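Me: I've got a model open and I'd like to know what stands behind the labels people put on it. Could you take me through it?

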Amino acid sequence: IYMPRKLVDLAREHPTQHYSVLKEWCYGFREHPFTGEMISSSEFGTSVHKRIEDWLMDGEGEASAYDDWAKPFIDWVNEEGVQVVDCEYIISDSRFKIAGSIDFIGLDKDEKVFLADYKCRSCNDGKGKFYPKDCKQLAIESVMLARKLKLDYFPKERSICIDTNTAEHYHYEWSDDEFNHYFECAKLSAKTYWTERMTPKPKKTRNNKNG
(Lines give C-alpha, C1' and ligand atoms only; values in the text may rest on other atoms or scores of the structure.)
Protein backbone atom coordinates (compact mmCIF):
# COMPACT_ATOMS: atom_id res chain seq x y z
CA ILE A 1 0.00 0.00 0.00
CA TYR A 2 3.00 2.32 0.25
CA MET A 3 3.22 3.03 -3.48
CA PRO A 4 -0.40 4.15 -4.13
CA ARG A 5 -0.43 6.30 -0.99
CA LYS A 6 2.86 7.96 -1.88
CA LEU A 7 1.74 8.53 -5.48
CA VAL A 8 -1.41 10.29 -4.25
CA ASP A 9 0.62 12.53 -1.91
CA LEU A 10 3.12 13.42 -4.65
CA ALA A 11 0.38 14.05 -7.20
CA ARG A 12 -1.28 16.51 -4.82
CA GLU A 13 2.04 18.31 -4.31
CA HIS A 14 2.89 18.29 -8.04
CA PRO A 15 -0.45 18.22 -9.92
CA THR A 16 1.10 18.91 -13.34
CA GLN A 17 3.91 16.36 -13.10
CA HIS A 18 3.79 13.23 -15.29
CA TYR A 19 3.03 9.86 -13.65
CA SER A 20 6.36 8.35 -14.75
CA VAL A 21 8.26 11.07 -12.89
CA LEU A 22 6.13 10.74 -9.77
CA LYS A 23 6.76 7.01 -9.76
CA GLU A 24 10.52 7.66 -9.79
CA TRP A 25 10.11 9.95 -6.79
CA CYS A 26 8.14 7.45 -4.72
CA TYR A 27 11.14 6.01 -2.93
CA GLY A 28 12.73 9.34 -2.13
CA PHE A 29 15.93 11.07 -3.14
CA ARG A 30 19.66 10.74 -2.66
CA GLU A 31 22.41 13.31 -2.91
CA HIS A 32 24.62 12.92 -5.97
CA PRO A 33 28.12 12.06 -4.65
CA PHE A 34 29.90 14.69 -6.79
CA THR A 35 27.44 17.47 -7.57
CA GLY A 36 25.34 17.45 -4.40
CA GLU A 37 22.23 17.56 -6.58
CA MET A 38 19.24 15.62 -5.27
CA ILE A 39 18.45 12.69 -7.56
CA SER A 40 15.85 9.93 -7.28
CA SER A 41 16.75 6.83 -5.28
CA SER A 42 16.17 4.71 -8.36
CA GLU A 43 18.69 6.74 -10.37
CA PHE A 44 21.23 6.37 -7.56
CA GLY A 45 20.72 2.60 -7.41
CA THR A 46 20.87 2.20 -11.19
CA SER A 47 24.14 4.14 -11.29
CA VAL A 48 25.69 1.92 -8.60
CA HIS A 49 24.58 -1.21 -10.48
CA LYS A 50 26.08 0.13 -13.70
CA ARG A 51 29.39 0.95 -12.04
CA ILE A 52 29.67 -2.55 -10.56
CA GLU A 53 28.86 -4.11 -13.92
CA ASP A 54 31.39 -1.98 -15.81
CA TRP A 55 34.11 -2.60 -13.22
CA LEU A 56 33.63 -6.37 -13.22
CA MET A 57 33.28 -6.79 -16.97
CA ASP A 58 35.69 -4.15 -18.33
CA GLY A 59 38.08 -3.32 -15.50
CA GLU A 60 38.31 -0.32 -13.19
CA GLY A 61 38.51 2.31 -15.92
CA GLU A 62 38.08 5.98 -15.08
CA ALA A 63 37.00 7.08 -11.62
CA SER A 64 33.26 7.34 -11.06
CA ALA A 65 31.10 9.18 -8.58
CA TYR A 66 29.80 5.80 -7.43
CA ASP A 67 33.15 4.05 -6.82
CA ASP A 68 32.75 4.07 -3.03
CA TRP A 69 29.48 2.16 -3.30
CA ALA A 70 30.70 -0.27 -5.97
CA LYS A 71 34.22 -1.16 -4.80
CA PRO A 72 33.32 -3.27 -1.73
CA PHE A 73 31.63 -5.83 -3.99
CA ILE A 74 34.61 -5.85 -6.36
CA ASP A 75 36.90 -6.44 -3.36
CA TRP A 76 34.68 -9.26 -2.10
CA VAL A 77 34.72 -10.99 -5.50
CA ASN A 78 38.52 -10.84 -5.57
CA GLU A 79 39.02 -11.89 -1.95
CA GLU A 80 36.66 -14.85 -2.25
CA GLY A 81 38.18 -16.05 -5.53
CA VAL A 82 34.84 -15.71 -7.31
CA GLN A 83 34.84 -16.16 -11.08
CA VAL A 84 32.63 -13.65 -12.85
CA VAL A 85 30.24 -15.31 -15.29
CA ASP A 86 27.97 -12.39 -16.21
CA CYS A 87 26.27 -9.22 -14.99
CA GLU A 88 22.76 -7.92 -15.69
CA TYR A 89 21.97 -11.23 -17.37
CA ILE A 90 18.52 -11.38 -18.99
CA ILE A 91 16.58 -14.52 -18.07
CA SER A 92 13.09 -15.72 -18.95
CA ASP A 93 11.01 -18.86 -18.68
CA SER A 94 7.84 -19.69 -20.57
CA ARG A 95 6.61 -22.05 -17.86
CA PHE A 96 6.55 -19.30 -15.23
CA LYS A 97 5.84 -16.54 -17.76
CA ILE A 98 8.48 -14.39 -16.08
CA ALA A 99 11.41 -12.39 -17.44
CA GLY A 100 13.98 -10.24 -15.68
CA SER A 101 17.67 -9.52 -15.23
CA ILE A 102 20.08 -11.12 -12.77
CA ASP A 103 22.49 -8.59 -11.27
CA PHE A 104 25.42 -11.00 -10.94
CA ILE A 105 26.21 -14.62 -11.81
CA GLY A 106 29.42 -16.12 -10.49
CA LEU A 107 31.25 -19.33 -9.73
CA ASP A 108 32.31 -19.94 -6.13
CA LYS A 109 35.49 -21.71 -4.99
CA ASP A 110 33.85 -25.07 -5.69
CA GLU A 111 32.93 -23.83 -9.19
CA LYS A 112 29.24 -23.87 -8.31
CA VAL A 113 27.04 -21.26 -9.92
CA PHE A 114 25.49 -18.69 -7.57
CA LEU A 115 23.44 -15.52 -7.99
CA ALA A 116 23.82 -12.15 -6.30
CA ASP A 117 21.44 -9.22 -6.22
CA TYR A 118 22.33 -5.72 -5.01
CA LYS A 119 19.90 -3.38 -3.27
CA CYS A 120 20.80 0.22 -2.36
CA ARG A 121 19.07 1.04 0.92
CA SER A 122 19.46 3.46 3.78
CA CYS A 123 20.49 1.35 6.79
CA ASN A 124 20.69 1.92 10.53
CA ASP A 125 22.74 0.49 13.40
CA GLY A 126 25.23 -1.22 11.11
CA LYS A 127 22.69 -3.75 9.83
CA GLY A 128 21.60 -4.53 6.29
CA LYS A 129 17.96 -4.58 5.25
CA PHE A 130 16.71 -7.79 3.65
CA TYR A 131 13.10 -8.57 2.77
CA PRO A 132 11.12 -11.65 1.64
CA LYS A 133 10.63 -10.08 -1.81
CA ASP A 134 14.43 -10.19 -2.25
CA CYS A 135 14.42 -13.97 -1.84
CA LYS A 136 11.35 -14.39 -4.06
CA GLN A 137 13.14 -12.63 -6.89
CA LEU A 138 16.37 -14.61 -6.47
CA ALA A 139 14.63 -17.96 -5.95
CA ILE A 140 12.65 -17.80 -9.19
CA GLU A 141 15.76 -16.59 -11.03
CA SER A 142 17.76 -19.48 -9.59
CA VAL A 143 15.26 -22.04 -10.87
CA MET A 144 15.01 -20.40 -14.29
CA LEU A 145 18.80 -20.28 -14.61
CA ALA A 146 19.17 -23.91 -13.52
CA ARG A 147 16.70 -24.92 -16.24
CA LYS A 148 18.45 -22.83 -18.86
CA LEU A 149 21.96 -24.08 -18.01
CA LYS A 150 20.70 -27.64 -17.39
CA LEU A 151 22.22 -27.72 -13.90
CA ASP A 152 21.48 -30.58 -11.53
CA TYR A 153 21.17 -28.13 -8.63
CA PHE A 154 19.64 -24.74 -7.93
CA PRO A 155 22.26 -21.97 -7.64
CA LYS A 156 22.63 -20.39 -4.20
CA GLU A 157 21.19 -16.90 -3.78
CA ARG A 158 23.03 -14.01 -2.12
CA SER A 159 21.57 -10.57 -1.40
CA ILE A 160 23.89 -7.59 -0.98
CA CYS A 161 22.49 -4.57 0.81
CA ILE A 162 24.50 -1.45 -0.05
CA ASP A 163 24.10 1.26 2.58
CA THR A 164 23.52 4.50 0.68
CA ASN A 165 24.72 6.51 3.70
CA THR A 166 28.02 4.77 4.46
CA ALA A 167 28.71 2.66 1.31
CA GLU A 168 29.02 -0.40 3.59
CA HIS A 169 28.02 -3.74 2.05
CA TYR A 170 26.05 -6.35 3.99
CA HIS A 171 25.75 -9.87 2.59
CA TYR A 172 23.04 -12.42 3.26
CA GLU A 173 22.93 -15.91 1.74
CA TRP A 174 19.41 -17.31 1.76
CA SER A 175 18.97 -20.75 3.31
CA ASP A 176 17.48 -23.78 1.56
CA ASP A 177 14.33 -23.47 3.68
CA GLU A 178 13.94 -19.82 2.72
CA PHE A 179 14.56 -20.67 -0.92
CA ASN A 180 11.90 -23.41 -0.94
CA HIS A 181 9.30 -21.24 0.80
CA TYR A 182 9.77 -18.10 -1.28
CA PHE A 183 10.08 -20.00 -4.53
CA GLU A 184 6.58 -21.35 -3.93
CA CYS A 185 5.42 -17.81 -3.13
CA ALA A 186 6.95 -16.50 -6.35
CA LYS A 187 5.27 -19.24 -8.41
CA LEU A 188 1.88 -18.51 -6.87
CA SER A 189 2.34 -14.76 -7.39
CA ALA A 190 3.15 -15.31 -11.07
CA LYS A 191 0.15 -17.59 -11.50
CA THR A 192 -2.16 -15.10 -9.80
CA TYR A 193 -0.85 -12.23 -11.92
CA TRP A 194 -1.37 -14.07 -15.18
CA THR A 195 -4.80 -15.35 -14.16
CA GLU A 196 -6.05 -11.93 -13.09
CA ARG A 197 -4.26 -9.61 -15.51
CA MET A 198 -3.25 -11.50 -18.64
CA THR A 199 -6.09 -13.91 -19.39
CA PRO A 200 -9.53 -13.03 -20.86
CA LYS A 201 -12.02 -12.15 -18.18
CA PRO A 202 -15.46 -13.78 -18.17
CA LYS A 203 -18.24 -11.57 -19.45
CA LYS A 204 -20.65 -10.13 -16.94
CA THR A 205 -24.12 -11.61 -16.94
CA ARG A 206 -27.32 -9.80 -16.14
CA ASN A 207 -28.69 -10.67 -12.75
CA ASN A 208 -32.20 -12.09 -12.82
CA LYS A 209 -34.50 -10.67 -10.19
CA ASN A 210 -37.19 -12.80 -8.61
CA GLY A 211 -40.82 -11.75 -8.95
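Reply: Sure, let's begin with a definition: a charge sits over a ring if NZ of Lys or CZ of Arg is within 6 Å of the ring centre and within 35 degrees of the ring normal. Keep in mind that this is a predicted model.

Me: What makes Lys-112 a case of a charge over the ring of Tyr-153?

Reply: The charged end of Lys-112 is 4.1 Å from the centre of the Tyr-153 ring, and the cut-off for the distance is 6 Å. Lys-97 is also placed over a ring face, that of Trp-194, at 5.9 Å from the ring centre.

Me: And the overall layout: how many helices and strands does the protein chain have?

Reply: There are 6 helices and 7 strands. Read from the N terminus, the order is α-α-β-β-α-α-β-β-β-α-β-β-α. The C-alpha atoms fill a box of roughly 80 × 50 × 30 Å along the principal axes, and buried residues make up 36% of the 211 residues.

Me: On to rings. How many aromatic pairs are there?

Reply: The count is 12 aromatic pairs, where ring centres must lie within 6.5 Å.

Me: Why is the pair of Phe-44 and Tyr-66 called edge-to-face?

Reply: The ring centres of Phe-44 and Tyr-66 are 5.5 Å apart and the planes are at 80°. Planes over 60 degrees apart count as edge-to-face, so the label fits.

Me: What makes you say that this pair ties parts of the chain together?

Reply: Phe-44 lies in helix α3 (residues 41-58), while Tyr-66 is in the loop between α3 and α4 (67-79), so the pair joins parts that are 22 residues apart in sequence.

Me: Are Phe-44 and Tyr-66 buried or exposed, and how do you know?

Reply: Buried means under 20% relative accessible area. Phe-44 has 2%, so Phe-44 is buried, and Tyr-66 has 7%, so Tyr-66 is buried too.

Me: Why is the pair of Phe-130 and Tyr-172 called tilted?

Reply: Here the centres are 5.5 Å apart and the planes are at 35°. Stacked needs under 30 degrees and edge-to-face over 60, so this pair counts as tilted. Phe-130 sits in the loop between β5 (113-121) and α5 (132-149) and Tyr-172 in strand β7 (residues 169-173), 42 residues apart, so the pair links distant parts of the chain.

Me: How are Phe-130 and Tyr-172 classed for exposure?

Reply: Both fall between the 20% and 50% cut-offs. Phe-130 has a relative accessible area of 25%, so Phe-130 is partly exposed; Tyr-172 has 30%, so Tyr-172 is partly exposed as well.

Me: Which residues do ring pairs link into a cluster?

Reply: Phe-73, Trp-76, Phe-104, Phe-114 and Tyr-118. Phe-73 and Trp-76 are among the buried residues of α4. What covers the buried residues of α4 includes α3, β3 (83-93), β4 (98-107), β5, β6 (156-163) and β7.

Me: How do you know that α4 has the span expected of a helix?

Reply: At 1.5 Å a residue, the 13 residues of α4 should span 18 Å, and the end C-alpha atoms are 18 Å apart, so the two agree. For α3, with 18 residues, the expected span is 26 Å and the ends are 25 Å apart, which agrees.

Me: What puts the buried residues of α3 on the same side?

Reply: Among the buried residues of α3 are Phe-44, Val-48, Arg-51, Ile-52 and Trp-55. The buried residues cover an arc of only 160° around the axis, so they are on the same side of α3. The face turned away from the buried side carries the exposed residues Thr-46 and Asp-58.

Me: Why is His-169 called buried?

Reply: His-169 has 13% relative accessibility and the limit is 20%, so His-169 counts as buried. His-169 is in strand β7, and a polar atom of the His-169 side chain lies 2.6 Å from the backbone oxygen of Trp-69. His-169 is also in contact with residues including Phe-73, Ile-160 and Cys-161.

Me: And what makes Cys-135 buried?

Reply: Its relative accessibility is 0%, so Cys-135 counts as buried. Cys-135 is in helix α5 and touches Trp-174, Glu-178, Phe-179 and Tyr-182, leaving out residues up to four places away in sequence.

Methods:
Residues numbered from 1 in each chain as written. Predicted model: local features only at pLDDT ≥ 70, side-chain atom pairs only at ≥ 80, totals over all residues. Heavy atoms only, no water. Phe/Tyr/Trp six-rings, centres within 6.5 Å; stacked < 30°, edge-to-face > 60°. Helix = DSSP H or I, 4+ residues; strand = E, 2+ residues; numbered from the N terminus. Buried < 20%, exposed > 50% of the residue type's maximum accessible area, 1.4 Å probe, protein only. Polar contact = N/O pair within 3.5 Å; in protein donor to acceptor, adjacent residues only side chain to side chain. Contact = heavy atoms within 4.5 Å. Expected span 1.5 Å × (residues − 1). Arc of directions from axis to C-beta.
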